[in-house]
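Q: I would like to go through this structure step by step. Could we begin with the words we need?

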Amino acid sequence: MDTKELLKKVRKIEIKTRRLSDHVFGGEYHSTFKGRGMTFSEVRQYQFGDDVRNIDWNVTARYNEPFVKVFEEERELTLMLMVDISGSEYFGTQEQFKNEIITEIAATLAFSAMQNNDKTGLILFSDEIELYIPPKKGKSHVLRIIRELIEFKPKSNKTDIANALKFLSSVMKKKAIVFVLSDFIADNYRDTLKIAAKKHDLTGIRVYDKAEENIPNLGMVQMEDQETGELLLVNTGSKSVRNQYYSYHRERVDYFTEAFTKSGAGALSSRVDESYVKKLLGYFKRR
């Protein structure tokens, strides 16, 4: 992709997702993710119902009447976007591939964080850490993140969510808001997720294509495994083959839902042909 084409793509995503974050998500993001702690702001006269633990005894003694300390929420937060860029993300039978929808969701979240003056960081992962961009503020930083989401070519096609979560724990010492965006066609990440969710405000966003749920009856079909590149001859005419495939897919979905909800993290699923805007807004409102 040449620079001109890339900039055009970045601009297109910026226009679409910036509008969403400005009009739709800004306030929701702000009210969903509260600040990390409280910081001292001012003192005022004691009013009935104030917490007596907040009385400022020095000021009270000076003026001979009770004054209380007023605290403000520390708003500054850090948003970490963890994006799966393995081979299975480059799949789609609708107008858009999964990775394109994931890019749009990530960009919307990044602009929402920017509006709140929060830092945003990015981890692109396959079965290894492909790219890490430390959290920073500002529009040019968000545009760099979008550029990488569009353009970055992974070295590996496989997925290892547990490895990515371990990396997150090693680089993020303070609590962060973390969104993991993937199709979650993986398992063996439950224990690592539990540890990460204790420290961070974590949400899994599963993006999937409806063609992945069931294989249609098309007779003998050659299929390619997106993550291994292996070509397989599959008899889709066989009911047991179709049932096996459905069971495999269902197990992964159930594993995702259970792993995230049981570890105290948030979870939502969005199909590529559905409105992720509605899904995200619904999720923010439920919290």
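A: Let us start with accessibility: a residue is called buried under 20% relative accessible area, exposed over 50%, and partly exposed in between. Please also keep in mind that this is a predicted model.

Q: Fine, then is aspartate 254 buried, partly exposed or exposed, and why?
A: Aspartate 254 is partly exposed, because its relative accessibility is 41% and partly exposed covers the range between 20% and 50%.

Q: Which residue does aspartate 254 meet in a salt bridge?
A: Its partner is arginine 250, with an N to O distance of 3.3 Å between the side chains. Both residues belong to helix α7 and stand 4 residues apart, about one turn of the helix. Arginine 250 is partly exposed, at a relative accessible area of 30%.

Q: Why can such side chains pair at all?
A: Side chains of opposite charge can pair when their charged atoms come close.

Q: How many salt bridges are there?
A: The count comes to 17 salt bridges. One of them joins the side chains of arginine 252 and aspartate 187, at 3.6 Å from N to O. This pair links distant parts of the chain: arginine 252 is in helix α7 (residues 239–262), aspartate 187 is in the loop between β6 and α6, and they are 65 residues apart.

Q: Arginine 252: buried or exposed?
A: Arginine 252 is buried, with a relative accessible area of 15%. Aspartate 187, in contrast, counts as partly exposed at 32%.

Q: And what does arginine 190 pair with?
A: Arginine 190 forms a salt bridge with glutamate 258, and their closest N and O atoms are 3.9 Å apart. Here, too, distant parts of the chain are linked, since arginine 190 is in helix α6 and glutamate 258 in helix α7, 68 residues apart. Arginine 190 has a relative accessible area of 30% and is partly exposed. Glutamate 258 is likewise partly exposed, at 35%.

Q: Changing topic: where is glutamate 14?
A: Glutamate 14 is in helix α1.

Q: Buried or exposed, and why?
A: Glutamate 14 is buried, because its relative accessible area is 6% and buried means under 20%.

Q: What does the side chain of glutamate 14 touch?
A: One polar contact, of 3.0 Å, is with the side chain of lysine 139. Another, of 2.8 Å, is with the side chain of arginine 11. Moreover, Arg11, Glu14, Arg18 and Lys139 are linked in a network of salt bridges.

Q: What about lysine 12, then: buried or exposed?
A: Lysine 12 is exposed, with a relative accessible area of 66%. Lysine 12 also lies in helix α1, which spans residues 3–32.

Q: Which residues form the positive surface patch?
A: The patch is formed by Lys4, Lys8, Lys9, Lys12 and Lys153.

Q: Now the loops. What is the phi of asparagine 64?
A: Phi of asparagine 64 is near 60°, which is a positive value in a residue other than glycine. Asparagine 64 is found in the loop between α2 (57–63) and β2 (67–73), and asparagine 64 counts as exposed at 73% relative accessibility.

Q: And the phi of asparagine 188?
A: Phi of asparagine 188 is near 60° and positive, again in a residue other than glycine. Its place is the loop between β6 (177–182) and α6 (190–199). Asparagine 188 is exposed, with a relative accessible area of 65%.

Q: Where is phenylalanine 67?
A: Phenylalanine 67 lies in strand β2. At 13% relative accessibility, phenylalanine 67 counts as buried. Its C-alpha atom is separated by 5.7 Å from that of aspartate 56, and the two residues are 11 residues apart along the chain.

Q: Last one: where is lysine 137?
A: Lysine 137 is in the loop between β5 (129–136) and α4 (139–151). Lysine 137 is partly exposed, with a relative accessible area of 33%. Between lysine 137 and glycine 121 there are 9.0 Å in space, C-alpha to C-alpha, and they are 16 residues apart in sequence.

Note on methods:
Residues are numbered from 1 along each chain as its sequence is written. This is a predicted model: local features need pLDDT of at least 70, side-chain atom pairs count only at pLDDT 80 or more; totals for chains, interfaces and linings use all residues. Side-chain values use heavy atoms; hydrogens and water are left out. Patches are made of residues with over 30% relative accessible area and no salt bridge: like charges are joined within 9 Å, nonpolar side chains (Val, Leu, Ile, Met, Phe, Trp, Tyr) within 5 Å. Accessible areas come from the Shrake-Rupley method with a 1.4 Å probe; for residues, only the protein chains shown count as cover. A salt bridge is a side-chain nitrogen of Lys or Arg within 4 Å of a carboxyl oxygen of Asp or Glu. Lys and Arg count as positive and Asp and Glu as negative; His and the chain ends are not counted. The place of a charge is taken as NZ of Lys, CZ of Arg, CG of Asp or CD of Glu. Helices (H or I, at least four residues) and strands (E, at least two) are DSSP runs, numbered from the N terminus. Buried means under 20% relative accessible area, exposed over 50%, partly exposed in between (1.4 Å probe, protein chains only). A polar contact is a pair of N or O atoms within 3.5 Å; within protein, one must be able to donate a hydrogen and the other to accept it, and residues adjacent in sequence count only if both atoms are side-chain atoms.
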